[in-house]
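Work through the exercises below with the sequence and the model at hand. Each task is followed by its solution in steps.

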Amino acid sequence: MSDEQHDGDAPLGIDQLLERVRAGYERLGPQEAKTAAEDGALLVDIRYAELRARDGLIPGALVVERNELEWRLDPQGSHRAAEAVSHGLRVVVICNEGYASSLAAESLHRLGLYRATDLVGGFQAWRAAGLPVEA
């Protein structure tokens, strides 16, 4: 088997991977994410600390570094956040521009969080829409 192939499949580029991942769930725009949060969804900010310090936070969002996301949101995990109450929890993952959050949402689907999604355009789209941000 060559370095270019695994299990007979041609390797995907990141753009193709994102397209495939995003086809598996419905993404939300900024206003839809705000409404979802008002209806009980958990907004999860996975941006790294420098971006949060520079640009601010979405009020009420749970901050979880990307490398901890699966451990913190797995309802069966020993390191879960208090908010990770069930596999039916509606989770909206937010990164800076809406790319890493798509991969993160797909990973949450693999853990059984079947209602996980992400924010199209990420935090920057939220802010551009004039939605609440705190320092």
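A residue is called buried under 20% relative accessible area, exposed over 50% and partly exposed in between (1.4 Å probe, protein chains only). The model is predicted, so local features need pLDDT of at least 70 and side-chain atom pairs count only at pLDDT 80 or more, while totals for chains, interfaces and linings use all residues. Residues are numbered from 1 along each chain as its sequence is written, and side-chain values use heavy atoms, with hydrogens and water left out.

**Exercise 1.** Find which residue forms a salt bridge with R52, and state where the two partners lie.

Solution. Step one is the criterion: a salt bridge is a side-chain nitrogen of Lys or Arg within 4 Å of a carboxyl oxygen of Asp or Glu. Step two is the pair: R52 bridges to E65, with the closest N and O atoms 3.2 Å apart. Step three is the location, for which helices (H or I, at least four residues) and strands (E, at least two) are DSSP runs numbered from the N terminus. R52 belongs to helix α3 (residues 49–55) and E65 to the loop between β2 (62–63) and α4 (69–73), so the bridge ties together parts 13 residues apart in sequence. Step four is exposure: R52 is buried at 17% relative accessibility, whereas E65 is partly exposed at 27%.

**Exercise 2.** Locate the salt bridge between R27 and D118, and decide whether each partner is buried or exposed.

Solution. The closest N and O atoms of R27 and D118 are 2.9 Å apart. The pair links distant parts of the chain, 91 residues apart: R27 is in the loop between α1 (14–22) and α2 (30–38), and D118 is in strand β4 (residues 117–118). R27 has a relative accessible area of 17% and is buried; D118 is also buried, at 0%.

**Exercise 3.** Explain how K34 and E38 are placed relative to each other in helix α2.

Solution. A salt bridge joins their side chains, at 2.5 Å from N to O. Because K34 and E38 are four residues apart in helix α2, about one helical turn separates them. K34 is partly exposed at 22% relative accessibility, and E38 is exposed at 54%. By the same salt-bridge rule, the total count is eight.

**Exercise 4.** Give the strand order of the open sheet, and say which strands stand at its edges.

Solution. Two strands pair if DSSP finds at least two bridges between them. The open sheet has four strands in the order β2-β1-β3-β4, with parallel pairing. β2 and β4 are the edge strands, each with a single partner, so one side of each has no neighbour in the sheet. Strand β3 (residues 91–94) is joined to β4 by two bridges, and the bridge partner of V93 in β4 is D118.

**Exercise 5.** Describe the surroundings of R80, beginning with where R80 lies.

Solution. R80 is in the loop between α4 and β3. With a relative accessible area of 42%, R80 is partly exposed. Contact means heavy atoms within 4.5 Å. Leaving aside neighbours within four places in sequence, R80 is in contact with W71, R72, D74 and P75. The C-alpha atoms of R80 and L69 are 9.1 Å apart, with the two residues 11 apart along the chain.
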